[in-house]
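Dear colleague,

Please find below the structure I promised to pass on to you, together with its sequence. I would be glad if you could look it over before reading my notes.

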Amino acid sequence: MYVVHVAAVVWGPKEPLVIQEICVDPPQKMEVRLKILYSSICHTDLGCWNGTNEAERAFPRILGHEAVGIVESVGEGVKDVKEGDYVIPTFNGECGECKVCKREESNLCERYHVDPMKRVMVSDGGTRFSTTTDKDGRSSQSQPIYHFLNTSTFTEYTVLDSACVVKIDPNAPLKQMSLLSCGVSTGVGAAWNIAKVKEGTSTAVFGLGSVGLAVAEGARARGASRIIGVDANASKFEKGKLMGVTDFINPKDLTKPVHQMIREITGGGVDYSFECTGNVDVLREAFLSTHVGWGSTVLVGIYPTPRTLPLHPMELFDGRTITGSVFGGFKPKSQLPNFAQQCMKGV
């Protein structure tokens, strides 16, 4: 059964979202159709899709990847969720069968890992959305609407690969659970699964948006004794205190580089730094703010710029390391339900 409903559609780079009716196809083999209950906005929705290459110029498209929903129908072969289940859509999927999913070292499923360029479904290379009107509300010949980050949640109904749907406790606070689709999982997981923050250590979080605040909360939960928050917007500092940030640095107030200040106040640098802004210049500051010999920097932000890493290879000979993090290292189907339970218990 086809569903006609309302969605927020983007027709091109830097164009506003248009609220309009669209048609949503039934789920095909190993797919799930959801009714979206809550959807939040992530900076990735606003920033990483900018129409700068051919793959991204296929319009229109439905953005959004942080949400919680209820299963409306399932396609052939779907066994782990059923109609009526409450679920979290995840932009980074888990098939459970490939060699990556069977190993502990990575959460980047071979078939369903996050791909900003992907705009169609895996099963048949088609899209499950189509227009009923043009962007001005006039009747027009139906045309396909493309998907985004495996999820497309800025819509009343969406269709996902079943590998990108995670069942959660129906008693969970659903409004808050939408943040586990990206922000909270990405931030907390970066501290827990990627950096593996240890008790009594020091950290620096560059960028105190939702992801940065989640990193701070993750570091606090693991017993970090000092958490330095860096942001040019001082209005974020109050929320930072609630998440365990112990020290704050506003780069606008300094006459020296941030990394020099951090080295001075910590006696050589922090044990871990997290870059949550997607700015390569900030990344360099984060890298240099860690301690020589063992400092670890985790990239969490999205980098739309074509610029490469601002590091000289010899700088790695000082013993510092740098690594990226996708979805906080969580395997969504295997680990997210337990993480949701931990959130419900306030762990």
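The notes below cover the nonpolar cores, one strand pair and a few individual residues.

This is a predicted model, in which local features need pLDDT of at least 70 and side-chain atom pairs count only at pLDDT 80 or more, while totals for chains, interfaces and linings use all residues. Residues are numbered from 1 along each chain as its sequence is written, and side-chain values use heavy atoms, with hydrogens and water left out.

The largest nonpolar core (buried Ala, Val, Leu, Ile, Met, Phe, Trp, Tyr and Cys residues joined through side-chain atoms within 4.5 Å; buried means under 20% relative accessible area with a 1.4 Å probe, protein chains only, exposed over 50%, and partly exposed in between) has 59 residues, and those with the most contacts inside it are Ile22, Ile62, Met177, Val197 and Phe274. Among the elements that each supply at least two residues to this core are β1 (3–9), β2 (18–24), α3 (183–194) and β13 (272–275), whereas α4 gives the most, with 6 residues. Here helices (H or I, at least four residues) and strands (E, at least two) are DSSP runs numbered from the N terminus. Apart from this core lies another, of 15 residues, including Val32, Val78, Val87 and Val100.

Strand β1 is largely enclosed by the rest of the structure, because 5 of its 7 residues are buried. It runs antiparallel to β2, to which 7 bridges join it (strands pair if DSSP finds at least two bridges between them), and histidine 5 stands opposite isoleucine 22 in β2.

Two residues deserve a look for their backbone. Most residues other than glycine have a negative phi. Asparagine 150, however, has a positive phi of about 65°; this residue is found in the loop between β7 (144–145) and β8, and it counts as buried at 7% relative accessibility. Lysine 196, in the loop between α3 and β10 (202–206), also has a positive phi, near 55°, but at 52% relative accessibility lysine 196 counts as exposed.

Finally, glutamate 275, in strand β13, is buried yet has no salt bridge, and the nearest side chain of opposite charge, lysine 236, is 11 Å away. A salt bridge here is a side-chain nitrogen of Lys or Arg within 4 Å of a carboxyl oxygen of Asp or Glu; Lys and Arg count as positive and Asp and Glu as negative, with His and the chain ends not counted.

With kind regards
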